[in-house]
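This briefing introduces a single protein chain to a reader who has not met it before. Please look over the sequence and the structure shown below, and then read the points grouped by topic.

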Amino acid sequence: MAKSSKQTAEQLLEMAREQEGYFTSTQAVSVGYADSVHGYHVSNGDWEKAYRGIYRLACLPKLEWPELVIWSLWSRDRSGKPQGVFSHETALQIHGRLPKNSGAIHMTVPKSF
């Protein structure tokens with residue numbers, strides 16, 4: 001039995017909530033959204049394109065520092081496991097050791113990445 005569009009939307013919403021409102025195009029496909037409809041949802045205003053292959057559900061609140069989620073999703077391997085860790089000044093800012101600034105995000109990834 002095929003899923004309804006409402007069930008598909010609910011699955012995506014649940015997944016996006018766990019990731020602060022963000023999701024990848026691969027995740028959208030995994031819950032039932034065809035690649036061909038991603039652009040429609042962006043132009044319709046339901047999704048916001050955050051980066052290549054990374055979206056945010058427009059109905060969810062925006063984060064103060066969304067780049068952390070975006071780059072964590074970007075660093076995922078083919079199985080969906082994040083490969084990057086925030087490092088240097090970014091790690092110090094996350095842990096409150098330095099004040100947050102709008103400078104570069106520092107992330108370390110394995111050499112095989």
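Of the 113 residues of the protein, 31% count as buried. The model is a predicted one. Its secondary structure consists of five helices and five strands, and the C-alpha trace spans about 50 × 30 × 20 Å along its principal axes.

**Overall architecture**

- Read from the N terminus, the elements follow the order α-β-α-α-β-β-α-β-α-β.
- Among contacts between residues at least 6 apart in sequence, 46% join residues at least 24 apart.

**Surface and charge**

- The accessible surface of the protein amounts to about 7,700 Å², and carbon and sulfur atoms account for 52% of that surface.
- The side chains include 13 positive and 11 negative ones, and the centres of these two sets are 4 Å apart.
- A nonpolar patch of about 350 Å² on the surface is formed by Tyr 51, Trp 74, Val 109 and Phe 113.
- One member of this patch, Trp 74, belongs to helix H4, which covers residues 67-74.
- Trp 74 has a relative accessible area of 35%, so this residue is classed as partly exposed, given that the partly exposed class lies between the buried limit of 20% and the exposed limit of 50%.

**The salt bridge**

- The structure contains one salt bridge.
- Its partners are Glu 48 and Arg 56, whose closest N and O atoms are 3.0 Å apart.
- On the acidic side, Glu 48 is partly exposed because its relative accessible area is 30%.
- On the basic side, Arg 56 counts as buried because its relative accessibility is 3%, and buried means under 20%.

**Tyr 33 and its surroundings**

- Tyr 33 is located in the loop that connects helix H2 (25-31) and helix H3 (38-43).
- Although Tyr 33 sits in a loop, its relative accessibility is 12%, and it therefore counts as buried.
- When neighbours within four places in sequence are left aside, the residues in contact with Tyr 33 are Thr 8, Ala 9, Leu 12, Ala 28, His 38, His 41 and Trp 47.
- One of these contacts, Thr 8, is 25 residues away from Tyr 33 in sequence, while the C-alpha to C-alpha separation of the pair is 7.4 Å.

**Residues with positive phi**

- Which value does phi of Glu 20 lie near? Phi of Glu 20 is near 60°, which is a positive value in a residue other than glycine.
- Glu 20 occupies the loop between helix H1 (5-18) and strand E1 (22-24).
- The relative accessible area of Glu 20 is 44%, so this residue is partly exposed.
- His 88 also has a positive phi, near 55°, and is likewise a residue other than glycine.
- His 88 lies in helix H5, which comprises residues 88-94.
- Is His 88 buried or exposed? His 88 is exposed because its relative accessible area is 52%, and exposed means over 50%.

How values were computed:
Residues are numbered from 1 along each chain as its sequence is written. This is a predicted model: local features need pLDDT of at least 70, side-chain atom pairs count only at pLDDT 80 or more; totals for chains, interfaces and linings use all residues. Side-chain values use heavy atoms; hydrogens and water are left out. Patches are made of residues with over 30% relative accessible area and no salt bridge: like charges are joined within 9 Å, nonpolar side chains (Val, Leu, Ile, Met, Phe, Trp, Tyr) within 5 Å. Accessible areas come from the Shrake-Rupley method with a 1.4 Å probe; for residues, only the protein chains shown count as cover. A salt bridge is a side-chain nitrogen of Lys or Arg within 4 Å of a carboxyl oxygen of Asp or Glu. Helices (H or I, at least four residues) and strands (E, at least two) are DSSP runs, numbered from the N terminus. Buried means under 20% relative accessible area, exposed over 50%, partly exposed in between (1.4 Å probe, protein chains only). Contact means heavy atoms within 4.5 Å. Lys and Arg count as positive and Asp and Glu as negative; His and the chain ends are not counted. The place of a charge is taken as NZ of Lys, CZ of Arg, CG of Asp or CD of Glu.
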